[in-house]
Structures are given as C-alpha cells and as structure tokens.
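Student: I am new to this structure and should like to be guided through it. Could the discussion proceed by questions and answers?

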Amino acid sequence: QVQLVESGGRSMQAGGSLRLSCAASGRTFSDYVLGWFRQAPGKGRDFVANIDGSGEFTYYSDSLKGRFTISRDNAQSTVYLQMNNLKPEDTAVYYCAAALTGSDEYSYWGQGTQVTVYS
C-alpha cells in the first residue's frame, strides 16, 4: 500500500503562483511513477503531469506545458507541482497518484486538494 496526502491548495487571484505537495508513505517511493491530475467542477478527471521514479523524465498535458512543473524529492518521499500564472480555468481539485514503474495503472490516489483561482 502507498498512502498519498496532498497539501498546498488554496484560493488565490489569477496570475499568481502556487506549489502543491504530495507526501507519500508505505512503499519504496522511487519505485513509483507519480502523477498529478485535476478535476474541475462538473467535469471528469484530467491528466496534468507525471514524473518517473528517478525524477529524470517528466511528461505534461500539452495545454499546461510551460506553466506547470512537476518535480520530486525521493529523500522526502514527496512530489510537487509548481503552478505559475494561474488562471480561473485552473480551478479544480488536484490529485496525486502513484503507479508502480512498468504498470499502466495508477493504483494509489490521494484525497485531493482544492485550488480556486479568481479573476
């Protein structure tokens, strides 16, 4: 089992920056690909970004590339999502998830953290 706890979400004005954190526990952190997803009100859950176990390789949703940056600290078992130039359409619940390297499925999910961006 892997437990994931997100933090850092809050309400803020458009144009600002925010960093989300996701702390993991339970298994060897570096064995997992970590991803961020988000779900806006009334919509499905969308992929934001992911990062491989070593932190060397990252992948982003095309629409968010350049504004969002994913990183991880394996010593702290934490993955981060730096979000810059936030827009009202970034308002969503943000979730982190873990997939065992080599698996196609994110097996573990956090409870989510709310980000609200107002103009």
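**Strands, core and loops**

Tutor: Strand 9 and strand 11 pair in the antiparallel sense, over 3 bridges. This is a predicted model, and the pairing of strand 9 is a suitable place to begin.

Student: Which residue of strand 11 stands opposite Y94?

Tutor: Strand 9 covers residues 92-100, and strand 11 covers residues 113-118. The two strands are antiparallel partners. The residue of strand 11 opposite Y94 is T113.

Student: How many bridges join strand 4 to strand 9?

Tutor: Strand 4 covers residues 32-39, and strand 4 runs antiparallel to strand 9. One pair of bridge partners is L34 and A98, the latter in strand 9. The number of bridges that join strand 4 to strand 9 is 8.

Student: In strand 10, what is the bridge partner of A97?

Tutor: Strand 10 consists of residues 108-109. Strand 10 is antiparallel to strand 9, and 2 bridges join them. The bridge partner of A97 in strand 10 is W109.

Student: Is strand 9 largely enclosed by the rest of the structure or largely open, and why?

Tutor: The answer rests on how many residues of strand 9 are buried, which here requires a relative accessible area under 20%. Of the 9 residues of strand 9, 7 are buried. Strand 9 is therefore largely enclosed by the rest of the structure.

Student: Which residue is joined to C22 by a disulfide?

Tutor: The structure holds 1 disulfide, with an S to S distance of 1.8 Å. C22 lies in strand 3 (residues 18-25) and its partner in strand 9, so the pair ties together parts that are 74 residues apart in sequence. C22 has a relative accessible area of 0% and is buried, and the partner likewise has a value of 0% and is buried. The residue joined to C22 is C96.

Student: Which residues have the most contacts inside the largest nonpolar core?

Tutor: In soluble globular proteins, nonpolar side chains tend to be buried together. The largest nonpolar core here has 29 residues. Among the elements that give two or more residues to this core are strand 3, strand 4, strand 5 (45-51) and strand 9. The residues with the most contacts inside the core are L4, W36, L81, M83 and Y94.

Student: How many residues are in the second, separate core?

Tutor: This core includes V33, F37, A97 and Y106. A97 also has W109 of strand 10 as a bridge partner. The number of residues in the second core is 5.

Student: Is Y60 buried or exposed?

Tutor: Y60 is found in strand 6. Leaving out residues up to four places away in sequence, Y60 touches F47, V48, A49, K65, F68, T69 and I70. The relative accessible area of Y60 is 13%, and the limit for a buried residue is under 20%. Y60 is therefore buried.

Student: Where is S61 found?

Tutor: S61 counts as buried, at 16% relative accessibility. Beyond its neighbours within four places in sequence, S61 is in contact with F47 and V48. The place of S61 is the loop between strand 6 (58-60) and strand 7.

Student: Is N85 buried or partly exposed?

Tutor: N85 is located in the loop between strand 8 and strand 9. Phi of N85 is near 50°, a positive value in a residue other than glycine. At 42% relative accessibility, which lies between the limits of 20% and 50%, N85 counts as partly exposed.

Student: What is the phi of S77, which is not a glycine?

Tutor: S77 lies in the loop between strand 7 and strand 8. Its phi has a positive sign although S77 is not a glycine. The value is about 50°.

Student: What is the radius of gyration of the protein?

Tutor: The protein has 0 helices and 11 strands. The globule rule gives 14 Å for 119 residues, and the value for this protein is close to that, so the protein is as compact as a globular protein of that length. Along its principal axes, the C-alpha trace spans about 40 × 25 × 25 Å. The radius of gyration is 13 Å.

Definitions and conventions: Residues numbered from 1 in each chain as written. Predicted model: local features only at pLDDT ≥ 70, side-chain atom pairs only at ≥ 80, totals over all residues. Heavy atoms only, no water. Disulfide = S-S within 2.5 Å. Helix = DSSP H or I, 4+ residues; strand = E, 2+ residues; numbered from the N terminus. Buried < 20%, exposed > 50% of the residue type's maximum accessible area, 1.4 Å probe, protein only. Core = buried A, V, L, I, M, F, W, Y, C linked by side-chain atoms within 4.5 Å. Contact = heavy atoms within 4.5 Å. Rg over C-alpha atoms; globule rule 2.2 N^0.38 Å. Pairing = 2+ DSSP bridges.
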